[in-house]
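This report looks at one helix pair and one pocket. Keep the structure open while reading.

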Amino acid sequence: MYFCTEKNETTIEMVLSEAENASLRERFAPEGSLLRRQQQRMLEMMVWLDDVCRRHKIPYWLGSGTLLGAVRHGGFIPWDDDVDIEFRREDYPRLLEVLTQETVGSNYVLQTHDTDPGYFFTYAKLRDRRSRLQEPTGYDRIFTYQGIYLDLFVLEKMPGALHWLSNRTFGIVYKVMKNPEYNYQQLIRKTDSIYRMNQRYVFPVLRALSRFSSERQLHYSPGIPFESTRDPEELFPLTTVVFEGHRFSAPHHPEAYLRRMFGDWQRLPDIEKIQTHTAKIQIDE
């Protein structure tokens, strides 16, 4: 089991000073702003998910921009409006089983293709029931659940070429979603067909072929449209980092992980060109 202990907790000084972070926060997500309220709701969800994973001994770690925020800012990147949590494929079925049970009667719901026929992604989301957002892509227009969410990504060993191929077969769904001639029901039927074809035939074949490879890097599982890799030695054994005053599970070498993903991760982007993901959002108290 890859959970952290007190001995391997990581203490990392933020790259930016408190004054620099405060200035960025005041510019992009001041207290009381819609974005800051969204971040606070996501933080509540992270604390809830962390508790569930620890009670059921399901390893996870903060990933991508969420880990970057923890290390560079001590919490959310001030302009960020999503959260990335990562899991190993061997732990994922149990995660989904546990969350199906734990979300009953809670403020949250697990979103997969099984729980939401219009949801065509191959990774799950944990959704908040007390909010509603619409993303700029418009892909969520056929989703039943549209609240604030955490992305629950899954990674596994697979050669890059096979992962690339999985993205090509899954990518057909985007062409369908962009076709203005299809109505709501047609979109659900067509995306469902693509999803089931991949899950029943294409992805199992790719996984079978992967067994003949000596590839040791972890890739996003088939159908997740991102190309970056994870080095197991950078991930395990897991440690923790501080995020918005809470400790969450994190890769063993956060800086190495961030270099692999972002290159010069300490450098801020051009502040004048920053855009957030969410188009419209409503948050209930």
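The crossing of helix 2 and helix 4 is right-handed. This comes from a predicted model. Helix 2 covers residues 34-55, and its axis lies 11 Å from that of helix 4. The two pack at an angle of about 120 degrees. Angles of 65 to 115 degrees would count as roughly perpendicular, and those over 145 as roughly antiparallel. Helix 2 and helix 4 are therefore oblique to each other.

Which residues meet in this contact? Helix 2 brings Trp48, Leu49, Val52, Cys53 and Arg55. Helix 4 answers with Leu95, Val98, Leu99 and Glu102. By class, this contact holds seven nonpolar and two charged residues, with no polar ones.

Now the pocket. The second largest pocket holds about 470 Å³ of space. Its lining counts 25 residues, and the closest to the centre are Tyr92, Leu96, Thr122, Tyr195 and Gln199.

Helix 4 (92-102) also takes part here: along with strand 6 (149-157) and helix 7 (184-210), it supplies at least two residues of the lining. Which element gives the most to the lining of the second largest pocket? Helix 7 does, with six residues.

The table breaks the pocket lining down by class.

| Class in the lining of the second largest pocket | Count |
|---|---|
| Nonpolar | 13 residues |
| Polar | seven residues |
| Charged | five residues |

Helix 4 thus links the two topics: Leu95 of helix 4 is in the contact with helix 2, and helix 4 supplies at least two residues to the pocket lining.

Key:
Residues are numbered from 1 along each chain as its sequence is written. This is a predicted model: local features need pLDDT of at least 70, side-chain atom pairs count only at pLDDT 80 or more; totals for chains, interfaces and linings use all residues. Side-chain values use heavy atoms; hydrogens and water are left out. On a 1 Å grid over the protein atoms alone, a cavity is a set of points where a 1.4 Å probe fits but cannot get out, and a pocket is an open set with protein on both sides within 12 Å along at least five of seven lines; lining residues have an atom within 4 Å of a point. Grid points are joined across faces, edges and corners, and a volume is the space filled by probe spheres set on the points. Helices (H or I, at least four residues) and strands (E, at least two) are DSSP runs, numbered from the N terminus. Ala, Val, Leu, Ile, Met, Phe, Trp, Tyr, Cys and Pro count as nonpolar, Asp, Glu, Lys and Arg as charged, and the others, Gly among them, as polar. Axes are lines fitted to C-alpha atoms, for helices over the stretch in contact, and angles run from 0 to 180 degrees between N-to-C directions. Angles under 35 degrees count as roughly parallel, over 145 as roughly antiparallel, 65 to 115 as roughly perpendicular and the rest as oblique. A crossing is left-handed if the near helix is turned anticlockwise from the far one by less than a right angle, and right-handed if clockwise. Contact means heavy atoms within 4.5 Å.
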